[in-house]
Structures are given as C-alpha cells and as structure tokens.
Amino acid sequence: MSYPAGRARQGGPPATPEDAIRQVTLACRILARHGQEDLTLGHASVRGPDGPTIWIKRKGRALRDVRAEDVIGIALDDPASHLTPGAHLETIMHLETYRARPDVGAVIHTHPVHSIALGATRGGLELLSHDGLLFPDGVPVFDGTAGLVTTPAEGQGVAAALGAGRAVLLRNHGILAAGPDISWAVLTALTLERAARIQYIARTLGQTVPIPRETAHELSVGKYREEFAEEYWQDWCGMLDSPP
Ligand SMILES: [Zn+2]
C-alpha cells in the first residue's frame, strides 16, 4: 500500500522521538475515549526510531489526560530500565514483548471489562463476529500470576504466552495487545474488547454459532488491511474531543 507523496503514514512507525511521543499520547486518549480507562492504570508504548528507546506513558496520569510530558523514554538494552523513576510497575511487560518480538513497534496494556471477564473463563474467545476475525487462531491466556506483572520473569511469561500473536488475555487482570505500529496495536486492543463484548451478549441470547476457523482465516485477510489500520487511526484521532 502506498500513500500520497509527502503524506506520512500517521499511525505507522515514527520518524522521530517527537512522533513516537505524540503517538503514545494519542493512543492513550483514544483508548480512554473507547472505554478502556481504569483510574490512572493502563499504558501504551511505541518503539522509537532509534531502536533501543521505548516511549511509554508514565504512572500517575489517567489515559484521557496524557500529554507529551507524561511520556518517558526507557532504554531497551538496560536490564534495570523498568525501574526508571516515574515508570508504571508493569512497564516490564512492554519491554519483554519488544525484546522477544523485533517485529513489534507498539504495545498496549489495559483493563477492559469484557476482556477481563473473558480471561477469567476457560472457554476462550469464540469467532462470533467480524471483530473475532482479527484473531482467527483465538487469543492465548497468560496465567502466571493473578497480580501485577512486575518482574522480568513475569514479563517474559507474558511475552511467551503472546508468542507470535496479536494479543494475550492476562487471567483475572487485563490484556496486552502488540502490533507492528500504533495503529495496529490500538485496533487490536479495541477489537478484542468488542469481540469479548459481542460474545457476552451472544451467550445471553442463546447457543452461539461461531465462524469456522478455516473461513475466519480467509475472511481475516480482506477485513484487516494496512490501509484500513491507517484510516481507522486517523478517524480515532479526529474523534478526540481534546487532542493533546
Ligand atoms: Zn494491569
């Protein structure tokens, strides 16, 4: 997919640290706008253009209020960097995901209610809607701890559970979504929560009829495309009442 000359892919890999910081602020506000705020918890991060620096929301600020000064740079090649002053306790989840997955350019951790409820069950995600098509192989569950993920070993456990996938349900806790860039990471976090909500609604109505997995794989390719991720990103940004 190509974009008009002179027009950067706004939700794509950042060209400068300032771009990365702006993407993090926008992602946090978009997540809040779509119901994924939980007190001052949850965070988004973007891999900076220089590789070893990750840009991530700091602790103490609600997602809806995140500004450029609330985004801090953390060195990926420093084993103690998750202890950076101001960093959320669960920053390690992001760092271990980037370390395990060179293809990942953005990571989100939030506490969306339907996804938490889904992760607290044994059945897992059913492919009941077009939202489910983003996860044709289902969504794995990390159950290494029901508490916060704060140690390198726990962070590595989350990354291992994620594997090569787009998202992982953290049992009794929340989600981690990863993407090649911020537009895909946000799309994944929002779409997983919608799929979980639809499953909740469907099960209250009757016996569910999932999309067969083979069909889901075929449909997923057409439904989720690079140009759409950019289009959605620009739409979400335009929807914000008070852009950063
Ligand atoms: Zn959490």
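## A zinc site, a helix crossing and some buried residues

Let's start with one residue: Thr53 is buried, since its relative accessible area is 16% and buried means under 20%. This is a predicted model, so take the values below as computed from that model. From Thr53 we move on to a zinc ion held by Glu90, His109, His111 and His173, and then to helices H1, H7 and H2.

**Around Thr53**
- You will find Thr53 in strand E2, which covers residues 53-57.
- Beyond its neighbours within four places in sequence, Thr53 touches Val46, Arg47, Gly48, Gly73 and Ile74.

**The zinc ion**
- Four residues supply the protein donors: Glu90 through OE, and His109, His111 and His173 through NE2.
- These donors lie 2.1 to 2.2 Å from the zinc ion.
- Along the chain, the donors follow the spacing E-x18-H-x1-H-x61-H.
- Two of the donors link distant parts of the chain: His109 belongs to strand E4 (residues 106-110), while His173 sits in the loop between strand E6 (167-170) and strand E7 (174-179), 64 residues apart.
- Are these two histidines buried or exposed? His109 is buried with a relative accessible area of 0%, and His173 is buried as well, with 8%.
- The angles among the four donor atoms run from 87 to 153 degrees, and the site is irregular.

**Ile175, in strand E7**
- Ile175 has its place in strand E7 and counts as buried because its relative accessibility is 0%.
- Ile175 and the zinc donor His111 are 64 residues apart in sequence, yet their C-alpha atoms are 6.4 Å apart in space.
- Leaving aside neighbours within four places in sequence, the contacts of Ile175 include the zinc donor His109, along with Ile108, Thr110, Pro112, Val168 and Leu170.

**Where helices H1 and H7 cross**
- The axes of H1 (residues 17-33) and H7 (residues 226-239) come within 9 Å and cross at roughly 75 degrees.
- That angle makes H1 roughly perpendicular to H7.
- On the H1 side, Gln23, Leu26, Ala27, Ile30 and Arg33 take part, and they meet Trp233, Trp236, Cys237 and Met239 of H7.
- Sorted by class, this contact has seven nonpolar residues, one polar and one charged.

**Helix H2**
- Why is H2 described as largely enclosed by the rest of the structure? Eight of the ten residues in this helix (residues 91-100) are buried.
- The buried residues of H2 are Thr91, Ile92, Met93, His94, Leu95, Glu96, Thr97 and Tyr98.

Conventions:
Residues numbered from 1 in each chain as written. Predicted model: local features only at pLDDT ≥ 70, side-chain atom pairs only at ≥ 80, totals over all residues. Heavy atoms only, no water. Donors = N, O, S within 2.8 Å, 3.2 Å for Na, K, Ca; no water. Tetrahedral: all angles 85-135°; square planar, octahedral: opposite > 155°, others 65-115°. Helix = DSSP H or I, 4+ residues; strand = E, 2+ residues; numbered from the N terminus. Buried < 20%, exposed > 50% of the residue type's maximum accessible area, 1.4 Å probe, protein only. Axes fitted to C-alpha atoms, helices over the stretch in contact; angles between N-to-C directions. Parallel < 35°, antiparallel > 145°, perpendicular 65-115°, else oblique. Contact = heavy atoms within 4.5 Å. Nonpolar A, V, L, I, M, F, W, Y, C, P; charged D, E, K, R; others polar.
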